[in-house]
Structure formats: structure tokens, C-alpha cells
Amino acid sequence: MKKKPASPTVPPAAIDATLTQDALIPWAAEFQAKLLAWFRAEGRDYPWRQTENPYAILVSEVMLQQTQIATVLGRGYYDRWMTAFPDVATLAAASEPAILRVWEGLGYYSRARNLQKTAQAVLALPGGQFPESVEGLLALHGIGPYTAGAVASFAWNLPAPLVDGNVARVLTRLMACDLPIDQPPMPRRLWEWAGILLNRQDARLHNSALMELGQRICTPRSPACLICPVNTCCASAGPAAASRPKKSPARATVLVIEHTLLAIRDNKILLHQETGRRRQGLWKLPLRTAAETAALPLLHTAQYAITHHRVTLHIHAFAPDNANTNSNAAPAPQREDETWHSLADLPLLPMPGPYRKSLNHLLRQ
DNA sequence: TAGACGTGGGC
DNA sequence: TGCCCAAGTCT
């Protein structure tokens, strides 16, 4: 099978020049037409594609940041959120624990808090409506270049390009680019390419189609070039595709061991609320050093990953009533930032997924 | 600007 | 199993 040779990286000068779409990418019109035809015939029907409500679209986009559709839809996060907080006013008035509880398990919890900040900011705008421009959207918390382009094009069909992981992969393959996509000058160049290729009359469909192409056809490991609707436009179609895009090496995984206490008395459990950047506002079991827990019985061990850490979570039994009969290795039962909570309230408290799972396991009987 | 930020799924 | 990846943003 005869393939276009993998062309060398597109010279920056050819891209940066201010020229017409046809001169920059001669196959742009063909690409747009084939992409749109494919999407009209094969595109999936997601809840956020059945609405032009900017709030509903924003919620979906924020949930989908670094998160797969199967998680957001299959595990019910989108439906639960839209039921609990159906509009900007409801979300703006909600309590933070209520928000975090609905978000629990999705990760990147600042997304949930920023969504509420944005709801409050929108309500405070004259008219109380979302700004109908990329610039206006970018000024809101948690809305970056991708999400601004997504809301602008999906809600109002504005001619705004967008680049996410899917689009970046499609574009580097189309252009046979071997520069690392996470380092200059690639991020800027990808946005330029997306802007040049954008179908300005049908930005909504075009952007949806481009992402879905990346998600379903132009996949990271085994791209389906043979059935790709735009393979005639692609400089990587065939074996070369899987080698793109290039990326900087991932950070090394760091091993961490957490020793925690399961302290229960009078149907109350001792918990600690996170106040730092990580998992802020969520409740965890009290953390202790290995030495402090060495003499305590080990109840449960679990493993989980958080960003580039690999965590082994040990949960030790601690009986506050017996504390003074224990050796001097026994930990203080309670520290300043730790509080007792009724076991009945446990389902209401936002908690990192691994802790929730371990507690459910331990308290089942 | 490079690092930090959660979690689950696929291979 | 241990990576890589997923509709990114913030500091």
C-alpha cells in the first residue's frame, strides 16, 4: 500500500505566514466536508449535544476535563449534578460540601469549586447571563482556552477553534509533526492549525466532529486509518500514525505510604479535613507516622494512585477508650485539626474515593 | 513555566 | 503489573 511519505515537520514559516486558508492548508475545504459528512452520519448523541444551554454545556466540559465520557456518563455524574444543580442560581447558592459530595470520585476537586465560583460570577454580571465571547468566558474561574472555545462554539456556534488532547493528536498526525506537543512552539501552533482548519459556518459541528474523530478513529495506540473519513488529507495515515504525537517523558512515579487511624467511639468517627491544595475540603482518616501506628493492629491495606504518586494506604485500629492502657507508642487520639463525626453523617461528608471505598469495606458489617 | 492536581480504564 | 491516557487549568 502506497502511503504519503512521512513528511518532515512543517516549517514554522509556512504556518506563521498570514495567508489564506487554502494557501496554508490546501486540503482544508475537503477536510471540513468529509469530517462533517462523517459526523452527520456517525456522530454520537450525548446529553450535552441536545442543548444549547451554556450552563449545561459548561458543566459537561468541566467534568470531561481529563476525564473519560464513560466515567462522566456511565457513573452518573452528569445526571446527578444537573439534577442537584439544574441552573446557575441553584449552583451559586449551594453549600460547598453538597457540591463536593456530588463531585466525589471524579477527582480534580477544584473543578467543582471553580464551577460554583463561575456560577456566582455569572449571576453578578449585568443581566446575569454567560458572556457570549471567548474573551468573556476566559475571565471566569476554571475556564481555560479549551473550555472557552467549547462553550462558545457549542452553545452559540461562534467561530471559535478548540484544542484538546484529541484534537492535538489528530492535528499532529494530519500535519506529520514530530515535535513534542507539550513544549513550545507546539501548543501555540496547534491552536493556529485548529483556527485555520475551522469550519467557521458550522463551528459547533466541526469541533464536535474533530474531537469525536480523535476519540473513536484517530485513537492514541491503534488509529483506524483504514476507515478514517479524512485519511486522504492525512500525512501520517498508516503505520506512521501510531508514533505521533511525540510527548515529553512522564514524571517518575513516587511511592508513598500512608498510615491512618480508624478511631470510633460512641458511634462517632475521627476525621481530618484537607485544607491544602490537594483534595481541599474533603474528609480523610487521621494521618499518623509509621512509628505512631507500629503497635496498632492493621485492619486494612489499599493501593491507589494520585497524580504521579503511588500510595499504599494502611488503616490501623485505634480504640480511644483503651488509649491510656497502651504503650507510650500510642498516638494522641485527637489533634487540633481533627473532629468527631456521627457515623450516620458519613454519607454526607465528601471524601476521596479510596478512603470512601476502604471505609465502606471496613464498616460494612 | 514546569508542576500540581484525582481517578478509572485499557493494554 | 505498571504504565499511559482521558473533552485542561491554575499558579
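A residue counts as near a DNA strand if one of its heavy atoms lies within 4 Å of that strand. In this predicted model, 21 residues are found around DNA strand B, and those that come nearest are Tyr-108, Tyr-109, Arg-251, Arg-278 and Arg-279.

**The surface near DNA strand B**

Sorted by class, the residues of the surface near DNA strand B comprise seven nonpolar, eight polar and six charged. Two elements, β5 (298-306) and α16 (353-363), each supply at least two residues of this surface, and the largest share, three residues, comes from α16. On the side of the nucleic acid, 63% of the atoms of DNA strand B within 4 Å of the protein belong to sugar or phosphate, while the rest belong to bases. The polar contacts with DNA strand B include one from a polar side-chain atom of Thr-67 to a base nitrogen, at 3.1 Å, and one from a polar backbone atom of Tyr-109, which is 2.8 Å from a phosphate oxygen. A polar backbone atom of Gly-105 is 3.4 Å from a sugar or linking oxygen of DNA strand B.

**The surface near DNA strand C**

DNA strand C is surrounded by 26 residues, of which Gly-142, Thr-147, Asp-164, Asn-166 and Arg-169 are the closest. Of the atoms of DNA strand C that come within 4 Å of the protein, sugar and phosphate account for 69%. The surface near DNA strand C has ten nonpolar, ten polar and six charged residues, and the helices α11 (145-156), α12 (165-174) and α14 (203-216) each supply at least two of its residues. Arg-169, one of the closest residues to DNA strand C, has an N or O atom in its side chain 2.2 Å from a phosphate oxygen of that strand.

The following table lists polar contacts to phosphate oxygens of DNA strand C.

| Residue | Protein atom | Distance to a phosphate oxygen of DNA strand C |
|---|---|---|
| Gln-66 | backbone N or O | 2.7 Å |
| Pro-145 | backbone N or O | 3.4 Å |
| Arg-169 | side-chain N or O | 2.2 Å |

**Packing of α11 and α14**

How are α11 and α14, which each supply at least two residues of the surface near DNA strand C, arranged with respect to each other? Their axes are 7 Å apart and the two helices pack at an angle of about 130 degrees, which means that α11 is oblique to α14. The crossing in which α11 passes α14 is left-handed. From α11 the contact draws on Tyr-146, Gly-149, Ser-153, Phe-154, Ala-155 and Trp-156, and from α14 on Ala-203, Arg-204, Asn-207, Ser-208 and Met-211. By class, these residues of the contact are six nonpolar, four polar and one charged.

**Packing of α8 and α9**

Another helix pair is formed by α8 (residues 96-103) and α9 (residues 110-124), whose axes come within 9 Å and cross at roughly 130 degrees, so α8 is oblique to α9. Here α8 passes α9 in a right-handed crossing. The contact is made on the α8 side by Glu-96, Ile-99, Leu-100 and Trp-103, and on the α9 side by Arg-111, Ala-112, Arg-113, Leu-115 and Gln-116. Five nonpolar, one polar and three charged residues make up the contact of α8 with α9.

Key: Residues numbered from 1 in each chain as written. Chains lettered and ligands numbered in written order. Predicted model: local features only at pLDDT ≥ 70, side-chain atom pairs only at ≥ 80, totals over all residues. Heavy atoms only, no water. Axes fitted to C-alpha atoms, helices over the stretch in contact; angles between N-to-C directions. Helix = DSSP H or I, 4+ residues; strand = E, 2+ residues; numbered from the N terminus. Parallel < 35°, antiparallel > 145°, perpendicular 65-115°, else oblique. Left-handed = near helix turned anticlockwise from the far one by under 90°. Contact = heavy atoms within 4.5 Å. Nonpolar A, V, L, I, M, F, W, Y, C, P; charged D, E, K, R; others polar. Polar contact = N/O pair within 3.5 Å; in protein donor to acceptor, adjacent residues only side chain to side chain.
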